[in-house]
Amino acid sequence: MTVRQQWLLVGAFLVAIGGALYGATHLFGGGEVTAGSRAPDFHATTIDSAHTPVTLADLRGQVVLLNIWATYCVPCRIEMPSIEQLQREMGPRGLRILDVSIDDPAQSDKIRQFVKQYGLTFEVLHDRSTRIASIYQTTGIPETFIIGRDGVIRKKMIGATDWNTDDNRALLAQLLAEPAS
């Protein structure tokens, strides 16, 4: 084999690898999920007795705070009161808070006890398969995504945060003031 043939073979191999990586990226998720990217749709059910199905597509045109958490997560417990305060103050203005628990499928009762203990009044969902955490490429819990009316992620927070800071409130107020498309 000549040197030229070897280089052509290497080039063809690199093109094949590049094509495979491109195809896999688009087939298995479409790239990184971060601020500025479109929020992936998901399907989950509420933890109440009705087990109401919820999808992100159903909430198009609304500002959504999507929080992924678990009952065993200490930082999640620290963060929860500030999220509840947002619900009480900004929920009536149109903010939709979806708390998605990734607890084990057998832990539904524990999740309901957690909701009662913390007096949570926003929508709590159970992602029994952790599919939502996978789709959103979470690296830990809690992880929160602020999604604008246009379905674009405006902010991604890794770890617990105080959602009642001036910066967080200003962002949410700005998004709530934007017209629905």
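Which residues form a disulfide, and how far apart are their sulfur atoms? In this predicted model, local features require pLDDT of at least 70 and side-chain atom pairs count only at pLDDT 80 or more, whereas totals for chains, interfaces and linings use all residues. Residues are numbered from 1 along each chain as its sequence is written, and side-chain values use heavy atoms, with hydrogens and water left out.

The disulfide, defined as a pair of cysteine sulfur atoms within 2.5 Å, links C73 and C76, whose sulfur atoms lie 2.4 Å apart, and a search of the whole structure finds 1 such bond. Because the torsion about the S-S bond of C73 and C76 is about 80°, the disulfide is right-handed. C73 counts as buried at 5% relative accessibility, and C76 is likewise buried at 0%, where buried denotes under 20% relative accessible area, exposed over 50% and partly exposed in between, with a 1.4 Å probe and protein chains only.

Strands and helices are DSSP runs numbered from the N terminus (strands E, at least two residues; helices H or I, at least four), and two strands pair if DSSP finds at least two bridges between them. An open sheet of mixed pairing comprises 7 strands in the order β2-β1-β5-β4-β3-β6-β7. Its edge strands, β2 (53–55) and β7 (153–158), each pair on one side only. Strands β4 (residues 95–101) and β5 (residues 123–126) run parallel and are joined by 4 bridges, with H126 in β5 as the bridge partner of S101.
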